[in-house]
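Colleague: I have just opened this one and could use a quick tour. Can we go through it topic by topic?

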Amino acid sequence: MIIRKDYFEEVLAFRDKQIIKVITGLRRCGKSLFMEQIIAKYLADGIHENQIIYYRLDELENEKILDYKTLYETIKARLVDNKKNYIFLDEIQLCPEFQKAVDSLYNKKNTDIYLTGSNSDLLSGEIVTLLSGRYITINMQPFSFSEYLKGREENDLPVADLEQCYYDYVRYGSLPFTVQLKSDERNIHQYLNGVYNTILLKDISVRHQINDISNLEAVIRFIFANTANICTSKKISDTLTSGGRKVSQPTVENYMRYLEECFMVYRVERYDIKGKEYLKTLCKYYIADTGLRNMLLGYRNIDSGHILETLVFLEFKRRKYEIYTGKIGDMEIDFVARTPRSITYIQVAESVKDEATLERELKPFRKLKDAYPCVLITLDKTLNEDFDGVKHINALDFFMGQL
């Protein structure tokens, strides 16, 4: 029952406002529990239980209301006159044309509506036709490292050795329920396999009518194995074709988009720092959870540097930065992290104890002509805090909130 503080603050800022709150994110990242926590908070604040209308649309008992007209009429009959009604609909995408019911409920004026769903395309593309300008999206991710530590404490797991906790976090991933399985590798593997297959079958294959999923799985494996690397549809298509699979480039492009839609991966575009323009080519892809990656590919042959870079990316995303990979001349900077007021340049390396590695990581910073801060994030325990103006931060300190 870890309270997701940042998400709570985001939702509560819009409480009682005439705007629909849409909570999206990877399956099993904690959306349903979060919705229940919001309800508990509102009840504790004195809202009467008859003002709370809550349906989990993935439960069999609610199958009868998976028609938008029936859903609307069912909720309408429960509305309390002259009071605010708080409507919570979990896994709303299971109701075809749900936006019609939601739009009509929104127009009642005495409603405050909260939705969850596991598909970004569904909750941004289809919903926008009727609800444009009437909703905000809250993108929920699995546990951050600091939330993971709280989960370990709650489940009587040791937290004194932060480094070991980090390696467990990398190994088993950040989905909240895995913490309750207390590092039981067999059970965690079984649980993650179930999550993966649900996404593969329900969120992708059924939705997009894919009959032969072997090629889809091959694309997933490729991207999972190459997190934090530049991935192009042509490269993936060529690689799979050379291995005996005939997968066209347009098909790969579709599969990559489907993986983004269900939050399994994130695509990060490049930014030409010198030319001050966004580039649409040679994007990097980052996986949403290392546990799913390890379940699928095994625990060996992990590129720990790219895994660290992936986790740093996810942490910046949690902190609401706008993130790009940077291009400066013929060199790359791992991240250009933007806020409305500032830019931060970031390089990530597992270690810079080797002088050649340190020089390689610092060299792109020297080409920068502006005065925005530069940060080097590593797992080194003993470190110089500054390299000619480049701030050096231990990754575990960064995950715990420092920057």
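**A quick tour**

Modeller: Let's start with the inside. The largest cavity has a volume of about 50 Å³. Keep in mind that this is a predicted model.

Colleague: How many cavities of 30 Å³ or more are there?

Modeller: The count comes to one.

Colleague: Which residues line the largest cavity?

Modeller: The lining consists of Tyr 148, Leu 157, Tyr 172, Thr 178, Val 179, Ser 183 and Ile 188.

Colleague: And by class, what is in that lining?

Modeller: Five residues are nonpolar and two are polar. No charged residue takes part in the lining of the largest cavity.

Colleague: New topic. How many disulfides does the structure hold?

Modeller: Zero.

Colleague: Why is Cys 29 without a bond to another cysteine?

Modeller: Because the distance is too great. The closest cysteine sulfur belongs to Cys 262, and it lies 12 Å from the sulfur of Cys 29. A disulfide needs the two sulfur atoms within 2.5 Å.

Colleague: Is Cys 29 buried or exposed?

Modeller: Buried, with a relative accessible area of 0%. Cys 165 also counts as buried, at 2% relative accessibility.

Colleague: On to helix 14. Where is it in the sequence?

Modeller: Helix 14 covers residues 290-297. Seven of its eight residues are buried, so the rest of the structure largely encloses it.

Colleague: Which ones are buried in helix 14?

Modeller: Thr 290, Gly 291, Leu 292, Arg 293, Asn 294, Met 295 and Leu 296.

Colleague: What do those buried residues pack against?

Modeller: Four helices and a strand are on the list: helix 8 (162-172), helix 10 (185-208), helix 11 (214-225), helix 15 (304-318) and strand 8 (277-287).

Colleague: What caps the N-terminal end of helix 14?

Modeller: Asp 289 does. One of its side-chain oxygens is 3.1 Å from the backbone nitrogen of Gly 291.

Colleague: And which residue follows helix 14?

Modeller: Gly 298, with a positive phi, near 95°.

Colleague: Last topic, Asn 394. Where does it sit?

Modeller: In strand 14, which runs over residues 390-394. Asn 394 counts as buried, at 11% relative accessibility; the cut-off for buried is under 20%.

Colleague: What lies 2.9 Å from a polar atom of its side chain?

Modeller: For Asn 394, that is the backbone nitrogen of Leu 396.

Colleague: Leaving out residues up to four places away in sequence, which ones does Asn 394 touch?

Modeller: Thr 378, Leu 379, Asp 380, Lys 381 and Leu 383.

Notes
Residues numbered from 1 in each chain as written. Predicted model: local features only at pLDDT ≥ 70, side-chain atom pairs only at ≥ 80, totals over all residues. Heavy atoms only, no water. Buried < 20%, exposed > 50% of the residue type's maximum accessible area, 1.4 Å probe, protein only. 1 Å grid on protein atoms, 1.4 Å probe; cavity = no way out; pocket = protein on both sides within 12 Å on 5 of 7 lines; lining within 4 Å. Points joined across faces, edges and corners; volume = space filled by probe spheres on them. Nonpolar A, V, L, I, M, F, W, Y, C, P; charged D, E, K, R; others polar. Helix = DSSP H or I, 4+ residues; strand = E, 2+ residues; numbered from the N terminus. Contact = heavy atoms within 4.5 Å. Polar contact = N/O pair within 3.5 Å; in protein donor to acceptor, adjacent residues only side chain to side chain.
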